[in-house]
Amino acid sequence: MESIIQVYQLTKKFKDTTIIKPLDFSLRKGEICALIGPNGSGKSTLFKMLAGQLHPTAGDIHLFGKTGGDIAQVRSRMGFLVETPAFYPDFTASQNLEYFRIQRGVVEKKRVDEVLEIVNLAKENKKRFKDYSMGMKQRLGIALCLLNSPDCLVLDEPINGLDADGIREIRNLLVRLNREKQITICISSHILTELQLLATRFVFIKNGVIVEDVSKDTLQQKSQKQLQLTVDDPAKTARLLEQTYADIQFKVLPNQVITIHNHVECSADINRLLLENGVSVSEFRIESRNLEGYYLELVGGDRHE
C-alpha cells in the first residue's frame, strides 16, 4: 500500500533538549491514524516538521515518495491544521475562505462554497467568525485545509476544548472525508477515548519516542473485559488454567491477583475448576479494562508543553 508520509530517524533538538528522538513513522494511504500522547510528548513538533514550519535536526521526511527539494510541490496535496488559522473575526466563513483562496492560488472560485458544504457551514453564511462556537471554528479550520482538494489531512488536536456535540461533528466529518473522498488522515490528541470511534490505527508517543503502534482490532482486544481473581495459590492456579485452556492469556500480579484476558465467557467453569482442585478464591470478578488508564500509564508523565 502506498505510503503518504514516511519519516526515517527524524530528530528535533531545541538547544540542548531533544524533543523528537530518532523516529521512524509511516502513514499509509486510506488510514485514519491517531497520534496520542500527553502534552509535550512531541506531537506538534512532528506535525510542524511535516508541514515545513520547522526544520528537522536530522533524519529524512518523504511525502508521496518525494524528499528534499521536491517535497514543497507535493505538500500542496496535503492539508495541515497545526496551529489555529488566523481568521478575520469580522469576516464571514465565505469571506475568510475567499481571502485564503486568492492567497493560495486556488483557481476555482466555487471551491469555497463546496468546502463550506462539506463541513456543514454553508447555512451560516451571515454569521461572522467572532460569533462562531468552538466547534464551528474547528470546522472552518478543516474547510481551509480542504481548499486545495488534498489527498491527506494532518490535524493537530482538532477536538481539543470541544464539547460532546462538537467532538461528534468533527468525528463524523472526518469519517465521511475518509470514506467518501478517500482522504488519508493523521490526527493527534492526548485523549484516547475521543479517537477510539474514529481511527483505524493508534500510535502512542512519549517524550519524542513511539512507545506503541497498534491497529484498531488490537486496541479493541486490549479493551475487552477481563476476569480478576484473588487466590491463595497463584502457581497452582496458573498450572490449572494452562492445562485446561491451551490458549489461555493471563497475568500473575502482586498480592496473589491473577487477571485472565480471554475465555471471560467461561467464568463459571473457571471458578468451578479452581474450587474443585482446592484453590481458595477470595475474589472473583469480571471487569472492563480501563484502556485510557492503561495508556496513561504507558505515555503518562509530564503534561507541560
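A residue counts as buried under 20% relative accessible area, as exposed over 50%, and as partly exposed in between. Keep these cut-offs at hand for the tour; the first use of them is at Tyr99. With 32% relative accessibility, Tyr99 falls in the partly exposed class. The model on the screen is a predicted one.

**Stop 1: Tyr99 and its patch**

Select Tyr99, which sits in helix 3. Then add Tyr88 and Phe91 to the selection: together with Tyr99 they make a nonpolar surface patch of about 250 Å².

**Stop 2: the whole protein**

Clear the selection and show the whole protein. The C-alpha atoms fill a box of roughly 80 × 45 × 35 Å along the principal axes. A cartoon view should let you look for eleven helices and 13 strands. The protein has 305 residues, and 47% of them count as buried. Its accessible surface comes to about 15500 Å², and carbon and sulfur atoms account for 47% of that area. Now consider contacts between residues at least 6 apart in sequence: 68% of these join residues at least 24 apart.

**Stop 3: helix 5**

Select residues 134–146, which form helix 5. How far apart should the ends of these 13 residues be? At 1.5 Å a residue, the expected span is 18 Å, and the end C-alpha atoms lie 19 Å apart, which agrees.

Next, colour helix 5 by accessibility. Eleven of its 13 residues are buried, so this helix is mostly covered. Among the buried ones are Met136, Leu140, Ile142 and Leu144; Gln138 and Arg139 are also on the list. To see what does the covering, show strand 5 (78–81), helix 3 (93–104) and helix 4 (111–118), which are part of the cover. Strand 6 (152–156) and helix 6 (164–180) are included in the cover too.

**Stop 4: cysteines**

Stay on helix 5 and pick Cys145, one of its buried residues. Its relative accessibility is 3%, which puts Cys145 in the buried class. Where is the closest cysteine sulfur to that of Cys145? It belongs to Cys152 and is 10 Å away, too far for a bond. Go on to Cys186, which is in no disulfide either: the nearest cysteine sulfur is that of Cys33, at 4.7 Å. Cys186 is buried, at 1% relative accessibility. The count of disulfides for the structure is zero.

**Stop 5: salt bridges**

Side chains of opposite charge can pair when their charged atoms come close. The whole structure holds 17 salt bridges. Three of them are visited here.

Select Lys130 and Asp90, whose side chains meet in a salt bridge of 2.9 Å from N to O. Lys130 lies in the loop between helix 4 and helix 5, and Asp90 lies in the loop between strand 5 and helix 3, so the pair ties together parts 40 residues apart in sequence. Lys130 is partly exposed at 44% relative accessibility, and Asp90 is partly exposed at 44% as well.

Move to Arg272 and Asp269. Their closest N and O atoms are 3.1 Å apart, in a salt bridge. Both residues lie in helix 10 (residues 267–276), three residues apart, which is about one turn of the helix. Arg272 is partly exposed, with a relative accessible area of 42%; Asp269 is partly exposed, with 39%.

Then select Arg28 and Glu31, a salt bridge with its closest N and O atoms 3.2 Å apart. Is each partner buried or partly exposed? Arg28 is partly exposed at 31%, whereas Glu31 is buried at 12%. Add Arg201 and Asp213 to the view: with Arg28 and Glu31 they are linked in a network of salt bridges.

**Stop 6: two backbone angles**

Most residues other than glycine have a negative phi. Select Gln9, in strand 1 (residues 3–14). The phi of Gln9 is positive, near 50 degrees, and Gln9 is not a glycine. Gln9 is partly exposed, at 43% relative accessibility.

End at Lys15, in the loop between strand 1 and strand 2 (17–28). Lys15 has a positive phi of about 55 degrees, although Lys15 is not a glycine. Is Lys15 buried or exposed? Lys15 is exposed, with a relative accessible area of 83%.

Technical notes:
Residues are numbered from 1 along each chain as its sequence is written. This is a predicted model: local features need pLDDT of at least 70, side-chain atom pairs count only at pLDDT 80 or more; totals for chains, interfaces and linings use all residues. Side-chain values use heavy atoms; hydrogens and water are left out. Helices (H or I, at least four residues) and strands (E, at least two) are DSSP runs, numbered from the N terminus. The expected span of a helix is 1.5 Å times one less than its number of residues. Buried means under 20% relative accessible area, exposed over 50%, partly exposed in between (1.4 Å probe, protein chains only). Contact means heavy atoms within 4.5 Å. Patches are made of residues with over 30% relative accessible area and no salt bridge: like charges are joined within 9 Å, nonpolar side chains (Val, Leu, Ile, Met, Phe, Trp, Tyr) within 5 Å. Accessible areas come from the Shrake-Rupley method with a 1.4 Å probe; for residues, only the protein chains shown count as cover. A salt bridge is a side-chain nitrogen of Lys or Arg within 4 Å of a carboxyl oxygen of Asp or Glu. A disulfide is a pair of cysteine sulfur atoms within 2.5 Å.
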